[in-house]
Amino acid sequence: RRREGLLRAAGSGTGFLDEMAELPLSAQAKLLRALESHEVQPLGSDASAAFEARIVAATNRDLGAAAREGRFREDLYYRLNVLHIRLPPLRERPEDIPGLVARHAVRAGSAVPAVAPEALRAICLYPWRGNARELSNVLERAVILADEGRIDLDQLPEDVRESAAPRLSLPEAVDRFERAH
């Protein structure tokens, strides 16, 4: 069946390219050509076809460093880097977390669940190495396990719960260990 391709299907809208740092060098050359000419060559065709879409690219890696190290085409980096927007990782902006909790519930089609204060504290203190995707998975799990629409500390994974545990000084930790042992 004949297909337009993603860039042509975007029309005059926006084409989103995620995880750009993972694109193999061979594909980077093809993408660069397409971006330079605003044309793509559909599979099985010997003719090029124009596209109008604006391109937004994202990655969780430093493409500038990857370009300097030869792991990403420098010319493609400069073509994509017209307007650079750095979005800090979630661990650097915990004030966004309550809004993301509400957004997740709305996207799941459920009412915004009540989140116990100690659960929200643990969620806000956790470092979220997997960023918003990890948060989304934890929230999905918590909503499934929630009793009567309320997320409590018990519905969170152990590592998230532990983020809210009070930090002990070394002497306190040694004392606690010696008593337990």
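Buried, here, means under 20% relative accessible area.

**View 1. The whole chain, with its buried share.** This is a predicted model, and buried residues account for 28% of the 181 residues in the protein chain. As for secondary structure, the chain has nine helices and six strands. The C-alpha trace spans about 75 × 40 × 30 Å along its principal axes. The radius of gyration comes out at 23 Å, whereas a compact globule of 181 residues would be near 16 Å.

**View 2. A patch of negative charge on the surface.** Four residues gather here: Glu118, Asp147, Glu148 and Asp154. Zoom in on Asp154 and you're in the loop between β6 (150-151) and α8 (158-162). Is Asp154 buried or exposed? Asp154 counts as exposed because its relative accessible area is 62%, and the cut-off for exposed is over 50%.

**View 3. A nonpolar patch on the surface.** Val82, Leu83 and Ile85 make this one, and it covers about 390 Å². Where does Val82 sit? Look in the loop that runs between α4 (74-80) and α5 (97-107). With a relative accessible area of 71%, Val82 is exposed, so this nonpolar side chain belongs to a residue that passes the over 50% mark.

How values were computed
Residues are numbered from 1 along each chain as its sequence is written. This is a predicted model: local features need pLDDT of at least 70, side-chain atom pairs count only at pLDDT 80 or more; totals for chains, interfaces and linings use all residues. Side-chain values use heavy atoms; hydrogens and water are left out. Patches are made of residues with over 30% relative accessible area and no salt bridge: like charges are joined within 9 Å, nonpolar side chains (Val, Leu, Ile, Met, Phe, Trp, Tyr) within 5 Å. Accessible areas come from the Shrake-Rupley method with a 1.4 Å probe; for residues, only the protein chains shown count as cover. A salt bridge is a side-chain nitrogen of Lys or Arg within 4 Å of a carboxyl oxygen of Asp or Glu. Lys and Arg count as positive and Asp and Glu as negative; His and the chain ends are not counted. The place of a charge is taken as NZ of Lys, CZ of Arg, CG of Asp or CD of Glu. Helices (H or I, at least four residues) and strands (E, at least two) are DSSP runs, numbered from the N terminus. Buried means under 20% relative accessible area, exposed over 50%, partly exposed in between (1.4 Å probe, protein chains only). The radius of gyration is taken over C-alpha atoms; the globule rule is 2.2 Å times the number of residues to the power 0.38.
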